[in-house]
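Got the viewer open and a cartoon on screen? Let's take a walk through this one, stop by stop, with something to select at each.

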Amino acid sequence: MNETPAEALLALGGNLGDVRATFERAIAMLCADGAVRLVARSSDYRTPPWGVTDQPAFINAAVVVATSLDPHALLVRVQSVERALGRDRREERRWGPRPIDIDILAYDDVVLREPDLTLPHPHLFERAFVLLPLAEIAADRVIAGRRIGDGLAGADVSGIKKLPPRKT
């Protein structure tokens, strides 16, 4: 555990079940013990499927969190939350339907290249469905020498729709 909290950027996505409710549960579970604290949350966006296109549209969002967990402990937490919310990576098709997907996009300025974790996320600047919600809450954040807002400026956001706030 770190003494000074680190800033981590997370992407959330899913296309099975009530994804927006699943996001709320996921964030609550991530932050349940105080080792992860929500700093900012984007709007939710409906996005066309990517990779495998014969599936329902996805809902995507991004969050900024402060955490005392190191990157690997945060990964363990994220994967535990995914499993608790019905994701089974062993049974799913790559880029296929899923109730929840949580990716660690960046963790402070840490650079890692390990079998289980690559930071920053290697495909961050290739995916408009990640950049659009992330730019809403962290447009000026620089990752691997690139400003998120600048990355979004070059992204194809066609077909992505910002959703109205959820009724609670």
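Start at Ala144, in the loop between strand 8 (142-143) and strand 9 (146-147). Bear in mind as you click that this is a predicted model. Ala144 is not a glycine, yet its phi is positive, about 50°. Is Ala144 buried or exposed? Ala144 is exposed, with a relative accessible area of 69%.

Now select Asp108, in the loop between strand 5 and strand 6 (112-114). Asp108 also has a positive phi, near 45°, in a residue other than glycine. As for the surface, Asp108 counts as partly exposed because its relative accessible area is 33%, and that class runs between the 20% limit for buried and the 50% limit for exposed.

**The loop between strand 7 and helix 3**

Select Pro120, which sits in the loop between strand 7 and helix 3. Show the backbone as sticks here: the peptide bond joining Leu119 and Pro120 is cis, with omega at about -15°.

Stay in the loop between strand 7 and helix 3 and pick Leu124. Leu124 is buried, at a relative accessible area of 2%. What does Leu124 touch, not counting residues up to four places away in sequence? Light up Leu105, Val130, Leu131, Leu134 and Ile143. For a distance to try with the ruler, go from the C-alpha of Leu124 to the C-alpha of Ala62: they are 12 Å apart in space and 62 residues apart in sequence.

**Helix 3 and what covers it**

Next, colour helix 3, residues 128-138. Nine of its eleven residues are buried, so helix 3 is largely enclosed by the rest of the structure. To see them, select Ala128, Phe129, Val130, Leu131, Leu132, Pro133, Leu134, Ala135 and Ala138. Which elements cover the buried residues of helix 3? The cover includes strand 1, strand 3 (45-47), strand 4, strand 5 and helix 4.

Follow that last one: helix 4 covers residues 148-153, and Leu152 is in it. Leu152 is buried, with a relative accessible area of 18%. Leaving aside neighbours within four places in sequence, Leu152 is in contact with Leu131, Leu132, Ala135 and Val157. Leu16, by contrast, is 26 Å from Leu152, C-alpha to C-alpha, and 136 residues away in sequence.

**The nonpolar cores**

Time to go inside. The largest nonpolar core has 29 residues, and the ones with the most contacts inside it are Leu10, Leu12, Leu74, Ile102 and Ile104. At least two core residues come from each of strand 1 (6-14), helix 1 (19-30), strand 4 (58-67), helix 2 (71-84), strand 5 (101-107) and strand 7 (117-119). Helix 1 gives the largest share, five residues.

Centre on Ile104 and show its contacts beyond four places in sequence: Leu9, Leu10, Pro71, Leu74, Leu75, Val78, Leu117, Leu119 and His121. There is also a second, separate core of 21 residues, and Leu9, Leu105, Ala106 and Phe125 are among its members.

**Two buried side trips**

Select Thr22 in helix 1. Thr22 is buried, at 8% relative accessibility. Beyond residues up to four places away in sequence, Thr22 touches Leu85, Pro99 and Ile100.

Then hop to Arg77 in helix 2. Is Arg77 buried or exposed? Arg77 counts as buried because its relative accessibility is 17%, and the limit is under 20%. Show side chains: Arg77 makes a polar contact with the side chain of Asp33, at 2.8 Å. Leaving aside neighbours within four places in sequence, the contacts of Arg77 are Met29, Leu30, Asp33, Ala35, Val36 and Leu69.

**Last stop: the largest pocket**

Switch on a surface. The largest pocket holds about 860 Å³ of space. To find its centre, select Arg89, Asp101, Asp103, His121 and Arg127, which lie nearest to it among the 36 lining residues. Strand 1, strand 4, helix 2, strand 5, strand 7 and helix 3 each supply at least two residues of the lining, and strand 5 has the largest share, with five. Colour the lining by type and you get 18 nonpolar, seven polar and eleven charged residues.

Definitions and conventions:
Residues are numbered from 1 along each chain as its sequence is written. This is a predicted model: local features need pLDDT of at least 70, side-chain atom pairs count only at pLDDT 80 or more; totals for chains, interfaces and linings use all residues. Side-chain values use heavy atoms; hydrogens and water are left out. Helices (H or I, at least four residues) and strands (E, at least two) are DSSP runs, numbered from the N terminus. Buried means under 20% relative accessible area, exposed over 50%, partly exposed in between (1.4 Å probe, protein chains only). Contact means heavy atoms within 4.5 Å. A nonpolar core is a set of buried Ala, Val, Leu, Ile, Met, Phe, Trp, Tyr and Cys residues joined through side-chain atoms within 4.5 Å. On a 1 Å grid over the protein atoms alone, a cavity is a set of points where a 1.4 Å probe fits but cannot get out, and a pocket is an open set with protein on both sides within 12 Å along at least five of seven lines; lining residues have an atom within 4 Å of a point. Grid points are joined across faces, edges and corners, and a volume is the space filled by probe spheres set on the points. Ala, Val, Leu, Ile, Met, Phe, Trp, Tyr, Cys and Pro count as nonpolar, Asp, Glu, Lys and Arg as charged, and the others, Gly among them, as polar. A polar contact is a pair of N or O atoms within 3.5 Å; within protein, one must be able to donate a hydrogen and the other to accept it, and residues adjacent in sequence count only if both atoms are side-chain atoms.
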